[in-house]
Structures are given as C-alpha cells and as structure tokens.
Amino acid sequence: MKKIFTIAACLALSAGSVMAQETFPRNGVYDERAGLVAFTNATVHTDYKTTIPNATLVIRDGKVEAVGENVKVPAGAVVMDAKGKHIYPGLVDMFSDYGLPEVKAERRSWTAPPQLESTKEGVYNWNEAIRPETDAVALFNVNGKQAGELRKLGFGSVLAVHRDGIARGTATLVTLAEKRGNEVVLKDKAAGALSFDKGSSKQDYPSSLMGAVALLRQTYLDAQWNAQNPQKEQNISLTAFAQANKYPQIFEASNKLNILRADKVGDEFGKQYIMKGAGDEYQMLPQIKATNAPIILSLDFPEAYNVEDPFDARRVSVKDLKHWEMAPANAALLQQAGVTIAFSAYDLKDKKDFLPNLRKAVKYGLSEEEALKALTATPAKLLNAENLVGSLNKGMVANFLITSDNLFSEDGVILENWVQGEQYKIADVPADYRGVYTLKLGNDTGRKLLVAGTAEKPELKVIAQDTVKGNISFNGNLVTISFAESKDSKQSIRLSGWVAGKNLQGEGQLPNASSVKWTAAYSEAMTEKEKKDRAKQAEENAAFGSTIYPFQAFGQQELPKQETVLIKNATVWTNEEEGRLENADVLIKNGKIAKVGKNLSESGARVIDGTGKHVTPGIIDEHSHIALDAVNEGTQAVTAEVRMADVVDPEDINIYRQLAGGVTTSQLLHGSANPIGGQSAIVKLRWGKSADEMLVKDADGYIKFALGENVKQSNWGSAQTVRFPQSRMGVEQVYVDAFTRAKEYEKAWKNYNSLSKRQKAKTAAPRRDLELDALVEILNDERFITCHSYVQSEINMLMNVADEMGFKVNTFTHILEGYKVADKMKEHGVGGSTFSDWWAYKMEVKDAIPHNAGIMNQMGIVTAINSDDAEMARRLNQEAAKSVKYTGMSEEDALKMVTLNPAKLLHLDDRMGSIKAGKDADVVLWNDHPLSIYAKPLKTFVDGIAYYDLERDEQMRETQEKERMRLVQKMLHEKDGGAKTQAPRTQKARVLHCEDVAQQEEELYFAY
Amino acid sequence: MVALLFAVPVMAQVPAPAPKQSKPVLLKGATLHVGNGQVVENAAVGFENGKITYAGPQSGANLSGYEVVDVTGQHIYPGLIQPNAALGLNEVESVRATIDWREVGELNPNVRSIIAYNTDSDIIPTVRANGVLMTQLTPIGGTISGTSSVVQLDAWNWEDAIVKADEGMHLNWPNMLIETGNSRGNERLKRMQEEREKTMLELEKLFRDAAVYKAGKHDSKNLKLTSMTGLFDGSQKLYIHANYGKEIIEGVNFAKKHGVKNVVVVGARDAVAVADFLKANNIPVIYSGVHVLPSRAEEDVDMPYKTPYLLHKAGILFALDYDLAIHGIRNLPFIAGTAAAYGLDKEQALASVTLNTAKILGIEKQLGSVEVGKDATLVVSSGDLLDMRTNNVTYAYIQGRHIDLNNKQKYLYEKFENKYKHQQQPAPAGATSSAGK
C-alpha cells in the first residue's frame, strides 16, 4: 500500500536525488535516493499555454519523468495529493547577478591625475572596460540567502550575469537549488553580456556614452582582426570576445534610447541583441519594435511622489507623473505591439514587489498566458534552454511551483517551489476565513463582521449604524480583532479568540475596561458584490492617459502634420538676389517652399495673413550642444572615432524651446576638451520624432577639432597636467602625428586593396581603426572640420598644418580673433562661426571684439553667429543684429549670418538657408522685424510642418496643466489608499556647453 | 566732436575720465524718456555743474548761456544702472589673480567691495558704450559676502567713483535642500542638511548679537557686529539672494524677525510664485533672470522673459540685473528690451533699469531719471536704446561730464580695419559657394 502524504505534511521530505556529485569525495556514508515523487490530482500547467486538469506529475532524480492525465504512479514513488493545487513550471529570470561578486564602480575624483592605461595584470585588452574573458561560471558561488529570496518569488533558475564593464564575458544559467555549485549549473556559458557602462574600470576612456559606443564598435573590429592575424598580438580579451559572441547576446540598456543605440551597433556587426530594458520602452514603442530585439522587462514601477505641497510638487515633471501611471502597462503595450518580452526581478528594490507588480502588469492589459510565457518559455528559448527549463515535459529539469490557486489571481499563493527535484516550502495554504459573521458581544448583537480582502491578508469591516474599518489577523487558528466603537470614536474594542468550526469566539475588552465574551457566527461567504467592487477599483486604477511624443513636457498625442500653407502679404527675407520683398507671399507645399512672389493662390492651402509680419528662413545654429546625452569624450587627445549621432536625445526640452526661437537646424558638436574630438550630428528640430529621424539625411560628415586653453587643460586644476598636450606647441604635434598616421594607414589599406584575391589570402589585412578612418575621410574631403579656436597663433598653426598635410579646415568656430587673421582665413578658404559679443571670460578671449563677425564678413569669409548655449540659441537673430550695431553690417547680411551662411558652412545651402522655390520649407513667421529685440516667432516650420505655433503652445500649456492636475489627484488618492510614495525628483534644466565634463553632485539637492 | 570721439589714442585703451562740467549744456530736439514712465517728444535737457536744470519740451527751454547740442531725432535716457555686479572686481573670470569678489569664510559683513574696484578695467568702457553708466559693486560667495557700493563708471580711482558707499549687505540665503529619490546621495544630503542647520544657527546668532551690539559698551570693537548696525536703523539695506519661493519667504521672515528695516530680494527667479507675499511685505525685487532658460521643462517657454511683466502686474517694485557674465553687462538694455517684448510697456521696461533700480538702491533723489535737480547722468542714442537693432549711443554724460565712449575693443577694431584697408578689396561675402568645399 502506498503511503499518501498531503502536501502540507511532507515537510521532512528531502530527496537526495544526486548523481552529479560523482567526482567529489564524501565524508560519511553515501546517502543517495531516487527522488521519485508523484503529484496527483493537480492542475498542471505544463507550459504557458497548456493546462491539464486533474493531472499527475512524476519526477525522478531531479528530472520530470512523466506528466499527464492518465499517468501511472510508479512503484516506490512518494505520492503527494495536490488536489485543488496548481503546478507551474519554475520561473526563469534571465537577468540576475545571483551568486556573483558585487561590482564596485569607483570613479577617479577630478582632483586625481588621469589614468590613461589599463592597470590589469595579464595580457588582456588595452581597456579595462573590455573584460570578455570573464566567465560568470568561474566566479559563481551558490548563495543560500539570495537563492531563498528568489525562490520565494517563484524562480527556479536564473541567468547569472557579471554586470561589470562594456564587454562582460559570458553569463551562466543556474538553478536556485542549494547544492554544490557544480550541480546547479545548467549551462556554463548560456549567453554573452554587454553594456555601455564601464563598471569597475578606473581607466579614463571612455568617459562618455559615445566613447563607450565607439569602444564596443572597435572591439568587434579588433576581435575580428585578432582572429585573422593570430601572430600579431596575444590578447586574451579579444580571443574571449570572439568566443563570447557565439552565444545569445544580452545587452543591458539603462533606458529606451540606449536600447536603440545598442541595436544599431548590433546591426553593424550582424548581432541581434536581447535587451535588458529599464521599463520606459513604451514611450518609444514604434522604434523599440523596429529593433526586433526581445526585451527583458523591469517590473520596478515608480512609486507615487509626495505631491501634497503644491510648491514642492512643481518639481515633479509631467514626464515622471505620466510614467508613474503608465509604467505597469509597459509589458502589455510592448507585447500587443508584437515585441518578444521576458520579465526580470533584478531591478526591484524590494523583491517582494515581484508578484504584485506582475499581477499589476496583467491588470494593465497583459494576458496571463503571455505573462507566464515571459517568465518561462521565452527566457528558455532565448537562452537555448527549452529542453531544460520553462516547461514541464518529460526529461526536463524538475523545477516547478505548487500554488494554492491561479498564480495570477490575488488569492494565488506560492506554497512550494521545487528546484531540481528538491522541495522548498514557501508558505502554507492560507486558511480562508472570509465571509460575513454575526457578532455577539456580550449581549449586544448589533454588529456584523465583513471579512474580505485576500485569504492571505484579510480585511475587516464592521457593519452597525456606522460602518468602520477594523483590523483582523489570524495566527494558526487564533484570531485577533480590533475596531472603533463608532465612526467618530477614538475608543477601540479589542477581541481575542480562536476558530471554532466555521465560527469564531473568544474574550475581549471594551473601552470601559470591562471584559466581555464574544462569538462571531459565520452566516455567508464573501458577497459577490464585495468581490466585484474590488475588481472594479483595480480596473479603475489600471486606466491610464495617452502616450505623448516626445515623452516630455510639450509632447503631443498627435504630431503636427505637413501642410500646404500660403503666407500672404508679408515682408519676406529671401536671402536671394531679390533681397527683402515687401507685401510678398510664400507657398509651402509637400515640405518644400513651392513659390515665392506676389498675389499667389493655391486651392486647399491654409492661408495665413502675414500683414505686418516677417518671413525668414529657419535659423541654423552651427555650434550647439542641445539634444545630447553627452558632449565630451576628451580623455585622449584624439577621439575621432566617437560620434555624436550615437547620443542624440530627441526628448530634450531645449529642442522645443529653440523652435520657439525660430531655430530649425543645429549642428550638435562634440566638446572642446581635446584637439580632435568627435563626429558631429546635424539635426533638424523635428520635435517628437526619434533621434534617427532628426538627423539631416545625406548631410556631409563633420568633426570637431579644438585649440587653446580647453585642449591643453589650462583651467582644469593642478592634477590635470598629464595628458599630452599641455601647451599650444604640443597641440600642433598632435595634429601632425595624427595625420601622419592616417596617411600611413590609408596607404597600407590601398596597398592591401590593390592585391589580387590570391595575394590577399596570403597577406594580413591592416587593422581597421575607426579613429584613423575618420581622419582619412578628412584627407579625402569626405569629412569636414569645425575647429574651436580663439587666438591668432593657433589659427595660423592649424591652417599651416592643413596645408602641409593636405586637408582643408572647413570652419573655425568661436574664432574670436578671426578679425586678426581674416586675410589668411580668406586665403585658406575657411569659414568663421563666432559669438556676437562674448569676451573676457578667460585669457584667450581678452582680445575678442564684437566687431569680429563684421570684419570677417567684410573680408568675404562665410561668417556665421552661433550659440554654444541653449538659451542664447533662442535669440540668435538678436545676436546677429548686434553686428549691425557694432559694424554697420547690412540687415540682410546680418540675418544671413544665422541662416544662409551657417547653411553654407554645413554644405546644406542647396536645400536650406533661403526662401527659394525648391528649398526645404524651414521657415519662420515673425511678429516683427526679425533683427529686433521685439520680434518673436509666431510659427516655426520644419519641412513644412509647424513644429512650433504660438497659439498651439498656449493651448498646450493649458492641456498640460490639466493632465498634471489629474495625475496629482490620482496620486493623492492612491496615497490615501496606502500606496508607497517617494520624494519628488529634481528636474534641473540641464545645459551643456563645450567645456562641460562633470556635474557637481551637491547641486542635485538644491531646491532651486 | 564726433571726430574727437573716434580719434584713437594709440597707447591708452582705457580713456581718461572726462573733466568736470565747465559750462552749461543743452541737448535739444530729442525724444526724452524721463525714466518714470513719461515721454516728451521734441524735448530739451539742460544741465549745469553736473545737475539737470531743465528737462521738458524744447519750446519751454531758455537757451541763453547754454552750449546747445543738436540731437534732433535722437533719444535721451537716464544712464542705466546695473545692480548686483562684480564689474571692476574681476577682469578675466578664469584667472584667479584677477578675482576680487570673494573673501574666504562664510560670514563677512565687514568686507567692503568698494576698495577693490578697479577703475582701469578694460571691460568698464565697453559697458558704458551701450548706455550703462552705473553699477552696484557686489561681493559674491559665502553666506554674507560683504557690503556693496554704488559707483559711476567714469573715474580715476574708487574714491572718485563712489555714488553711495557701503549701501547694503549681501546675504546669500542658504540653499534649501531636497531629497531627490536617489538613495545613493543620502549621505551627502544628510551632511549638507547638517551644514545648513549650522549655518542657520550662525546667522541667527550673528543677527541677534548685532541687533543689541550698538546699545552696549565694549572694551574691544567687533568689526563684524559694528558693520551691521546700519541694517537695524535703516541706513543700510539687506539684500537677500534667494531663488526658490520658499527660500524667499524664509529669508524675508528671518530679516523681519530680527528688525532689519530695508530688505531687497535679489535673484528671485520664483518671485512670481510668491508675488502675494512680496507685495504684502512691500519687498522690492532685483530680478536676475531674463535671458535664461525656464527652470523646469513644463514651465512656459517664455517664463523668464515675461516675469518682469508679471511682477509689474502684481504691483511689485522691481529692477533687472544682467547676471550671466561681467562682460555681458553691456547687454543690460536688451534684457529690458526683452521684458518689453513680452508684455511690459517700453517706458516701464526702461524704469526697470533706471528709476526703479535707483529707488531700490536708495539713490533715487539723485539719479535714475532725467528730472530737474538730479545728476546729469544720461545717455543719448540715435535709436531705441533697448533694441540692439537701434541701440547706438552717441553721447553719454556722467554728472554733466561728457564721457569718452571709446574702448579697447573699438581700438582693436580700427587697428585691424586699417590693416585690411591697405590690402586689396575682397569680394563681398556670399559670392563664394560653400566654404571649404
């Protein structure tokens, strides 16, 4: 006769179903058991979409032996009756740091000297952030405490990722059984791991996001080169990188933009990454979907903010308020859009939030089936471990959960978590005392007790003349109850007792200190209405507002559309031969300027009365640092490999603010911390579009060079005296050296490319170097230089080096002493993009004069006025006007300095910079003379789309304030309901300049 | 006279201060912007011995005895005043040796900015050239940075320059601190909070002790407490630098509690949010942020631009200060212009850099408007002074002295213009195609 255990009774069972420990010597006698267990009468979810009611599950030696409706219980099996219980495959977390050492990121302080080279011992990569030689399995240790915590959440196996560095090596798939490490590893190398975070590396490079992107790119190339040329360089890291590449690649991205950035790098090297996301992916759903990347989702939903104080609450941005409301819907929105999703508990600050937040995601629209899939089949498949975990079929690892009810229902409790056939008890079946009781308190029978909530956490309402909330708790079969005498009373009645059959009874104390006997007679189960009310409340909370594009203040549900617009009877500044036209019309159609002239008409066009108003081309800012997540790499003298296009932030509010100042196109430049900086991104201010959509198509490539004090680190403190160059003398040598190397590099490639196929096979290809590639482009007029410059000596120097090395400088930017060398600039054919009137802020600008632009322009140099400042860019037209004041420049020439001339400097004057039929409809309508302080844009068109419209702006302010108020009220309401809250975040206006390298942490905490 | 102005002295880059007014002068034919909101078309302004003797319609002016300067079609304004500035206390911002606006220590009420004022700064003449003729020399940093003085910008030395010495004390209200939801920083935040409490306590003690110091007898003189006595009898103003709304309220209440008579709030980026409080307490404001970005993403794009108008509407006495960079003080007229573009009446905008400033600094009886009896410190511009498109200062007078509008930058301009004049005349800009291609 078989002995039948109930689930609750088999605590002592510990199946020593161990075969894998063969190589280890044993202390004591061998104690190996078959671990043969049969679970009968269970509802078994063999995988996310298959449920077998009344099934039997048989496991042996830590594996599933059989599962099904008519499975025979084998002889010798321990039988456990799981009637009424559900069995699920153990959950899989494919992003965890379980069992791995903590990673400490210590940054060098700015007062310490730089660390230019790696200090790691051994023949590894030049950069400490590249550590693909790390195998998590080699660092892994079973950690009982962590394992227990994760098992409580329902996990049976996790992917352990050593989260250190940009190339992180391989991750290992392990179970959460508390056995020897050798036994729990399911796949020693299950995935490769990557990120843009340099982790524990103290080396300076890369100091920026675009540096990290560039380093990853170069590492792919170096690994290829190293594999093809094994005799050239011994490098453990590069060999390991190539090895790690064979596994599925998991990329940890800290936000949605980094997912898009990482995906692009992956595409370049034929890799489809699996992304570890941060929870904000829904905010850029179309772009995220287009990556085709599976996404491991965070279940860390933001807590409500403290918004009681209306003044302090202003610090909470609309973006944060909306994210608070929408974050739980992230999974549903992505899944419904067709994105493959998995869940991870990694980000949760309080791991106990895992199940509640998972259920919340289901309430917000994700189906239970998809939720389960995201925690079982999907991670298993992505890790090529479908034959091990993720479902309960024959032969798979015996990882499964036993739950009291449906896992996703509020009543579902994880009772046991079996891992590799080992039983881990999580909780008892909570006794369900919910229902309606008639309370007899002494002789008083005037109250009813309504026990609702969940079986695990019952809630009490006491119904008499008043209905009051009370407290009830069960401990075994003991019960404690307290509630107020009446609604307004501060006096509480306290009862203590025990469960007697279906009823409760015991003794208590009344507020007058007298003792009292009580009974609570069970009269009916929890009413349906009560259940429905709960569900309804949850549903109401799960409603959320609309996504806006961009997900930022002044974002909109619908982006403005391209229109056919006819502006009538305005003063039109054409910047063409016809000059300034009075009482003229401009027709905008299909994103282009269609016609310019008098008495135009166009059927279907929206007509705007331009009487008394002015029309100019959109303002073009040659030197801008808005819409960027980083500005300076600057840790090496030459960083030509970094690309600002990699770090464009399309949600920067300054984009919108500058549209309101008439700006339509900006060159986003690298900073000026080193002689050869990074490659520019030229963008149109298409507010609401993605970073890629903002880039100006087919624009020429540009690169930032810099001279003078910033480059030689003059104002960086006494510790920064190590990096070459530290003087203007050294700066010249940096250029000569860089271009000498570039020429040799180009020659080496030319030689190689001229070889026949057969010869090539026998010859080693030169190493691809992204830094030198960019310099070769300059030599071949395929990339153009914008050079930050101040004093005449260095300006002369660079033109000389250029002549000597055979390249041209396209633009000197800042060029505050351009007036001293205007004749030489003219001769070199270089343009100048300068400030109107800045000076005296450092030694190298003591001779700057506000007449600089005027002299350069007069000398025939293509001259522009730029901002280098997010605020000043809003008034570039006025900055241009200063040249009229200081040098008597014509007004039309002055306007050209912020429109047509920068277009020329950017080689975009064939499509921008003037009001001419056929050019892009980047057009500003002003209320007044565009060089006047009293002028402001009424509408700013980019590609014929009114991205800024003063009237719409006023409506948006109102809509935004209403949405804010709605969210604040909802937040207050949820807080009253007991939701957790957090302090408001600061939303400081972040303005980047050329010289910015670090932010003072203290300032984060200033209220203003 | 124009020729004389533009004759460039080859060596001197800071022009010599103008001599005392020797004969009566009458400017005639201009539009007079009095500074108090009034405009007089076809006006004349006469002055003698540095004081204004006539300001009104040209038709009412008695020309006899005056040297008449015809400024027909031009505009006359009071000289502009830049409050809260380190002009002349610092020449090159990145060079420590040239910085004289910060003394070490937190509480320096006895430190005086006036003695460090460098009348030979190259920057000063460039500021004058756009119509700014006075400034309030203000020390920076610490909790109490010291006392400020008002100076005029055409002097041989700091003693000559004084308009009003040691007129106010500058208290940088300790920054209020907030949690950011970022647990990583909590240690630092805690330390900062402790520091703030300590500073508040120090401030409390200082003001308490200073208030009673005057009454007592002392064997040895306490420089700090002595320097503060003016705060309590109203002879010296307390300028509280604060931006966050709650800081403004906290700071003003602190001053009131300690019996400080005259309080001005400086910076005041959140002034509109606490306008009722400021109005109820009759606190004037020096607003430091027109050409700045909104402080939060949600804020109206033009919030800093229209704040002057909103302050005016709320009935608060305010002045504007250009506080972005010392060299940029010459753009003071244009921040007033921006305020006018965003709601403020043009004459009110002018007042916010002239008469209002004079009132706040306590020099309105002598300066700030073009009215009889006041100093002849005024500017003539051929066009609207507040618009860079038309700002063109043709004459400027300080205390009736006709000042030289030349400066180092004009000198360099001429020097290199001349260099190129001798070279071949180049083709005009725009005739060439894209540069560098």
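Two strands count as paired if DSSP finds at least two bridges between them, and the strands themselves are DSSP runs of E with at least two residues, just as helices are runs of H or I with at least four, all numbered from the N terminus. The model is predicted, so to speak of local features takes pLDDT of at least 70, side-chain atom pairs count only at pLDDT 80 or more, and totals for chains, interfaces and linings use all residues. Residues are numbered from 1 along each chain as its sequence is written, with chains lettered from A and ligands numbered from 1 in the order in which they are written.

Chain B has an open sheet of 8 strands with mixed pairing, in the order β6-β7-β8-β9-β10-β11-β12-β13. β6 (80-85) and β13 (318-320) of chain B have a single partner strand each, so one side of each lacks a neighbour in the sheet. From one strand to the next, the twist averages 25 degrees (axes are lines fitted to C-alpha atoms, for helices over the stretch in contact; angles run from 0 to 180 degrees between N-to-C directions). Within this sheet, β9 (residues 162-172) and β10 (residues 237-242) of chain B are parallel, with 5 bridges, and Leu171(B) sits opposite Ile240(B).

Over in chain A, β42 (residues 937-942) has 6 of its 6 residues buried, meaning 20 or more other C-beta atoms within 10 Å of a residue's own (exposed is 12 or fewer, partly exposed in between; C-beta atoms are placed from the backbone). β42(A) runs antiparallel to β41 (residues 923-926) of chain A, with 4 bridges; here Val924(A) partners Thr940(A).
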